[in-house]
Amino acid sequence: MNIGLDIMGGDYAPAEAIKGVHLFLEHTPDNSVHPVLIGNAQEAAPYLHLLEPYKGRYTWVEAPETISMDEHPTKAFKDKPNSSIAVGFGLLKMGKTDAFISAGNTGAMMVGAMYTIKTIEGVLRPTIASPVPRMNSTFNLLLDVGINADCKPEHLVQFAQLGSIYSSHIFGVEKPAIGLLNIGEEEGKGNILAQAAYPLLKEEQGIYFIGNVEGRDLFTDKANVVVCEGFVGNVALKMAESLYHIFKEERNIEDPFLAQFNYEVYGGLPVLGLNKAVMIGHGVSSALAFKNLITAAAKMVSSNVIDAFKKHFATAVA
């Protein structure tokens, strides 16, 4: 399979992106995954020597323009058709790559996705999902974590459907338990959105809804998938990241459970509900994060989770 990688995306690009490709190729002896590197060759030149031993195992696609982190997503995507993000989505749309990943401008990534590969028919909004570590070294799934700050009840129902399918295909959970993030366990708790979403989730066929879960349940085995609007999800995700930074980086505490909070472990976050596999990396992604991002994207493709999404929503539309 071909995995498109925007090597110009991220605060430390293209150096860390290319180092990440080197790590991936070094630790992946077979040729089943073929990275397609998209970026500016002149800027990448000082680091390309790292890939000399792996000629033939990757492809270079020139993209002379770059969308920076502070540019307006829609304007930048339209004004820079030769940017690494625009070219990356073009390759994905044409079927020359099977997935596209970037640690660049998240807004531009979402604009590119909506303009080119679009959402699966029947999906109201795509959603970004984040793995959440459990005490037993597995992961729960939290969604949405940022791109849908304001939601309607039916959006949360679809997040539950997408999350359930993803958890089953990627994490191997046979019957994912779905929880609605709330301020109390009892039905009827929460704001207007939570109160309206609860009965819809309860009545929805095809998912295993267990009711409300609270913030303290995120890291337990109570629910495999936790749904919420992106405003709440992003706050929860950033709080978890800050706790990791405080205890690991500032206090130098070593702990197996704490180590799972490191974003480098899972590389990046999948955008669910699109017609193709798309993953977004952290802006400060290191070489290890890029390596694991490529691995995660390859797993998303090989699991056929996109086909499972399409099958589910085709039935729903019919």
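In the predicted model, Ser130 lies in strand 5, which spans residues 127–133. With a relative accessible area of 0%, Ser130 falls under the 20% limit and is therefore classed as buried. When neighbours within four places in sequence are set aside, the contacts of Ser130 comprise Asn140, Leu141, Leu142, Val145, Leu237, Tyr266 and Leu269. One of these partners, Leu141, is 11 residues away from Ser130 along the chain, and the C-alpha atoms of the two residues are 5.7 Å apart.

Two separate nonpolar cores were examined next. The largest comprises 57 residues, and the members with the most contacts inside it are Leu180, Leu201, Val227 and Phe309. The element that gives the most to this core is helix 6 (residues 153–170), which supplies 8 residues. A second core, separate from the largest, holds 40 residues, among them Ile85, Leu91, Val111 and Leu269. Such groupings can be set against a general trend, since in soluble globular proteins nonpolar side chains tend to be buried together. Within the largest core, Leu180 illustrates the contact pattern: apart from residues up to four places away in sequence, Leu180 touches Leu156, Ala194, Ala197, Tyr198, Leu201, Phe209, Gly211, Asn212, Val213 and Val227.

Helix 6 also contains Gln161, a residue that is buried because its relative accessible area is 7%, under the 20% limit. Beyond its neighbours within four places in sequence, Gln161 is in contact with Glu204, Ile207, His312 and Phe313.

Helix 5, formed by residues 106–115, has Ala108, Met109, Met110, Val111, Gly112 and Ala113 as buried residues; Val111 is also included in the second core. The buried residues of helix 5 pack against two helices, helix 3 (73–79) and helix 4 (84–94), and against strand 4 (99–102), strand 10 (268–272) and strand 11 (277–281). At the start of helix 5, the backbone nitrogen of Gly107 has a side-chain oxygen of Asn105 within 3.0 Å.

At the surface, a nonpolar patch is formed by Phe231, Val232, Val235, Met239, Leu243, Ile246, Phe247 and Ile253, which together have about 680 Å² of accessible area. Of these patch residues, Leu243 is found in helix 8 (residues 230–250). The relative accessibility of Leu243 is 41%, and the residue therefore counts as partly exposed, a class that lies between the limits of 20% and 50%.

How values were computed: Residues are numbered from 1 along each chain as its sequence is written. This is a predicted model: local features need pLDDT of at least 70, side-chain atom pairs count only at pLDDT 80 or more; totals for chains, interfaces and linings use all residues. Side-chain values use heavy atoms; hydrogens and water are left out. Buried means under 20% relative accessible area, exposed over 50%, partly exposed in between (1.4 Å probe, protein chains only). Helices (H or I, at least four residues) and strands (E, at least two) are DSSP runs, numbered from the N terminus. Contact means heavy atoms within 4.5 Å. A polar contact is a pair of N or O atoms within 3.5 Å; within protein, one must be able to donate a hydrogen and the other to accept it, and residues adjacent in sequence count only if both atoms are side-chain atoms. A nonpolar core is a set of buried Ala, Val, Leu, Ile, Met, Phe, Trp, Tyr and Cys residues joined through side-chain atoms within 4.5 Å. Patches are made of residues with over 30% relative accessible area and no salt bridge: like charges are joined within 9 Å, nonpolar side chains (Val, Leu, Ile, Met, Phe, Trp, Tyr) within 5 Å. Accessible areas come from the Shrake-Rupley method with a 1.4 Å probe; for residues, only the protein chains shown count as cover. A salt bridge is a side-chain nitrogen of Lys or Arg within 4 Å of a carboxyl oxygen of Asp or Glu.
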